[in-house]
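Dear colleague,

Please find below the structure that I am handing over to you. My findings follow directly after it.

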Amino acid sequence: MNNIKKYGFVIFTFVLSTIGFLILINGVENGVDSGNEYLSTSIGGSMDTDSFLLIMKGYILSNFIFGGILLLVGLSFFCMSLYKLLKEMDLGD
């Protein structure tokens, strides 16, 4: 049971880092899609270009911020848990 906690947390932080990285990589595409969806559903399909670009840049920026936070938190906890795990393995020898 104790090993499941140790390795489970390492796997969770790795998955969290991977999700953050994927959000960063696909941030522009997802932001453009979100901007287009906002235009078609909320506004009704008609808006001036400057306002649409501002909304689209906001969605792109929010994707980058969210992905960066997930990646930073995931990598930080991954490194700390991996260090702790390796330190415990070293003491066991």
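I begin with I43, which lies in helix α2, a helix that covers residues 27–43. This is a predicted model, and every value in this message is to be read with that in mind. I43 counts as partly exposed because its relative accessibility is 38%, a value that falls between the 20% limit for buried and the 50% limit for exposed. In sequence, I43 and L70 are 27 residues apart, and in space their C-alpha atoms are 31 Å apart.

A second pair concerns F21, whose place is in helix α1. F21 has a relative accessible area of 44% and is therefore partly exposed. Between the C-alpha atoms of F21 and S42 there is a separation of 30 Å, with their positions 21 residues apart along the chain.

The chain as a whole

The secondary structure consists of three helices and zero strands, so that the order of elements from the N terminus on reads α-α-α. Taken along the principal axes, the box filled by the C-alpha atoms is roughly 70 × 20 × 15 Å. The radius of gyration of the chain is 20 Å, whereas a compact globule of 93 residues would have one near 12 Å. Of the 93 residues, 22% count as buried. The chain exposes about 6,800 Å², and carbon and sulfur atoms supply 69% of that area. As for contacts between residues at least 6 apart in sequence, 82% of them join residues at least 24 apart.

Helix α1 and its contacts with α3

Helix α1 has 24 residues. From its first C-alpha to its last, α1 reaches 35 Å, which is close to the 34 Å expected at 1.5 Å a residue. Its buried residues are V10, T13, L16, S17, G20 and I23.

Two of these buried residues, V10 and T13, are touched by S81, as is F9, when residues up to four places away in sequence are not counted. S81 itself lies in helix α3. With 11% relative accessibility, S81 counts as buried, because buried means under 20%.

K6, also in helix α1, is partly exposed, with a relative accessible area of 29%. Once its neighbours within four places in sequence are left aside, K6 is in contact with L85 and E88. K6 and E88 are 82 residues apart along the chain, yet their C-alpha atoms are separated by 10 Å.

The nonpolar surface patch

Which residues form the nonpolar patch on the surface? They are Y7, I11, F14, V15, I19, L82, L86 and M89, and together they have about 750 Å² of accessible area. The elements that give two or more residues to the patch are α1, residues 2–25, and α3, residues 49–92. Of the elements, α1 gives the most, with five residues.

Y7 may serve as an example from this patch. Y7 is found in helix α1, and at 41% relative accessibility Y7 counts as partly exposed. That value also fits the patch criterion, because patches are made of residues with over 30% relative accessible area.

In summary, the model shows a chain of three helices and zero strands, with a radius of gyration of 20 Å. Residues of α1 and α3 meet in the contacts of S81 with F9, V10 and T13, and α1 and α3 each give two or more residues to the nonpolar patch.

With kind regards

Note on methods. Residues numbered from 1 in each chain as written. Predicted model: local features only at pLDDT ≥ 70, side-chain atom pairs only at ≥ 80, totals over all residues. Heavy atoms only, no water. Patch = residues over 30% accessible without salt bridge, like charges linked within 9 Å, V, L, I, M, F, W, Y side chains within 5 Å. Areas by Shrake-Rupley, 256 points an atom, 1.4 Å probe, with all protein chains shown as cover. Salt bridge = Lys/Arg side-chain N within 4 Å of Asp/Glu carboxyl O. Buried < 20%, exposed > 50% of the residue type's maximum accessible area, 1.4 Å probe, protein only. Expected span 1.5 Å × (residues − 1). Contact = heavy atoms within 4.5 Å. Rg over C-alpha atoms; globule rule 2.2 N^0.38 Å.
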